[in-house]
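Subject: A structure for you to explore

Hi there,

Here is the structure I promised to pass on. Have a look at it first, and then read on for my notes.

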Amino acid sequence: MRSNDLVILNTTEHHKIETTMESGEYVPGSVYFDAPNKGAAIFFAIAFAFSGFYHIYQCIHYKSWRLTGLYVFCAVLFAGGFVGAFDYTNLVKYIVSVCLIYGAPPLLELANYNILGRILYYAPYHSPIHPGRVITTFAFISAVIEALNGNGVSLTANQSLTPWRQDIGRALLKGSLLIQVFVITLFILLAAIFHRRCYKSGMRNAKLCNPLYTLYISTALLFARTIFRVVEYWSIAEHDYWKPGFDPKSLSQAIRYESFSCV
């Protein structure tokens with residue numbers, strides 16, 4: 001076969017993959033459902049790496065490692081996760097990538113809990129709860145969520161277990177996701193009540209408001225990610241995708257189209 005023929009063949013195969021990605025069909029050989037867009041993975045890896053370096057600068061400049069150092073670690077996890085998403089045929093890289101990308105958001109939530117606790121100390125008399133209990137209360141609930149999540153994954157992934165035990169695992173996963181939605185909602189409500197009390201008392205300076213606005217945006221992004229995970233898992237739990245004859249097109253569009261996970 002001539003080199004020109006190889007170029008044409010490779011171009012054709014690349015076009016087939018791109019077409020398959022756009023049509024929401026399964027890409028043969030992919031450990032994902034589709035073939036992840038390399039451009040998007042590169043963009044997110046660079047964006048999170050830049051965020052991590054900027055947070056390092058802030059931590060050094062303001063000597064705030066104890067307060068915001070966890071954001072640096074989360075940025076490293078995200079950047080590493082998206083670097084691993086380049087090869088969609090390698091199972092080991094897939095596992096590492098998913099673990100990093102899925103492991104960072106709970107740590108981001110923990111960092112946000114810490115930030116809100118420090119903000120409440122700015123005006124503790126307006127706080128709905130004692131500022132020192134914010135991190136301990138929400139961290140404990142998050143630990144319970146992760147325990148439910150871990151047990152659910154172990155039960156559903158073990159195909160040697162009886163169907164009813166696998167159903168228990170799916171129920172645990174669903175419960176952990178719903179509890180997470182509730183916790184994020186409660187967290188936003190706590191911040192909003194404090195913010196409203198401060199506003200009514202005339203405390204409207206930038207030192208108080210700007211961190212709260214940033215916290216709202218950060219938590220809203222985490223909330224959107226959690227809603228996506230709820231939709232994603234619910235659609236997977238409805239199918240026995242490991243059995244012969246399974247039709248990939250029966251899966252939700254949230255799984256079949258990469259754009260949803262990118263958002």
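The largest cavity in this predicted model holds about 50 Å³ of space. Rolling a probe the size of a water molecule over the atoms is what shows where empty space is left. With a lower limit of 30 Å³, the count comes to 2 cavities.

Which residues line the largest cavity? You will find Pro 106, Glu 109, Tyr 113, Ser 142, Ile 145, Glu 146, Gln 180 and Val 183 around it. By class, that lining has 4 nonpolar, 2 polar and 2 charged residues. At least two of the lining residues come from each of α4 (91–120), α5 (132–157) and α6.

The second largest cavity has about 40 Å³ of space. Its lining is made up of Glu 109, Asn 112, Tyr 113, Ile 184, Phe 187, Thr 219 and Leu 222. Here the elements giving two or more residues are α4, α6 and α7. The largest share, 3 residues, is from α4. Sorted by class, the lining of the second largest cavity has 4 nonpolar, 2 polar and 1 charged. If you compare the two lists, Glu 109 and Tyr 113 appear in both linings.

Now for the helices themselves. Two packed helices are described by the angle between their axes and the distance between the axes, so those are the values to look for as you turn the model.

Start with α3 (residues 65–83) and α4, whose axes come within 8 Å and cross at roughly 165°. An angle over 145 degrees counts as roughly antiparallel, so α3 and α4 are roughly antiparallel to each other. Their crossing is left-handed. The contact of α3 with α4 has 17 nonpolar, 6 polar and 2 charged residues.

Moving along the chain, how do α4 and α5 cross, left-handed or right-handed? The axes of α4 and α5 come within 8 Å, with a crossing angle of roughly 165°. That makes this pair roughly antiparallel too. As for the question, the crossing of α4 and α5 is right-handed.

The last pair to look at is α6 (residues 163–200) with α7 (residues 206–237). The axes of α6 and α7 come within 10 Å, and they cross at roughly 160°. The two helices are therefore roughly antiparallel, and their crossing is left-handed. In the contact of α6 with α7 there are 24 nonpolar, 5 polar and 4 charged residues.

Finally, a word on what the record says. An unreviewed UniProt entry places the feature "transmembrane region" at residues 39–57, 69–88, 94–113, 134–157 and 177–194. What does the model show for two of these spans? Residues 39–57 are 100% helix and 0% strand, and their end C-alpha atoms lie 27 Å apart. Residues 177–194 are likewise 100% helix and 0% strand, with 26 Å between the end C-alpha atoms.

If you would like a place to begin, try finding Glu 109 and Tyr 113, which are listed in the linings of both cavities.

Enjoy exploring, and write back with any questions!

Best wishes

Terms used:
Residues are numbered from 1 along each chain as its sequence is written. This is a predicted model: local features need pLDDT of at least 70, side-chain atom pairs count only at pLDDT 80 or more; totals for chains, interfaces and linings use all residues. Side-chain values use heavy atoms; hydrogens and water are left out. Axes are lines fitted to C-alpha atoms, for helices over the stretch in contact, and angles run from 0 to 180 degrees between N-to-C directions. Helices (H or I, at least four residues) and strands (E, at least two) are DSSP runs, numbered from the N terminus. Angles under 35 degrees count as roughly parallel, over 145 as roughly antiparallel, 65 to 115 as roughly perpendicular and the rest as oblique. A crossing is left-handed if the near helix is turned anticlockwise from the far one by less than a right angle, and right-handed if clockwise. Ala, Val, Leu, Ile, Met, Phe, Trp, Tyr, Cys and Pro count as nonpolar, Asp, Glu, Lys and Arg as charged, and the others, Gly among them, as polar. On a 1 Å grid over the protein atoms alone, a cavity is a set of points where a 1.4 Å probe fits but cannot get out, and a pocket is an open set with protein on both sides within 12 Å along at least five of seven lines; lining residues have an atom within 4 Å of a point. Grid points are joined across faces, edges and corners, and a volume is the space filled by probe spheres set on the points. UniProt positions are given in the numbering used here, feature names are shortened, and annotations may be inferred rather than shown by experiment.
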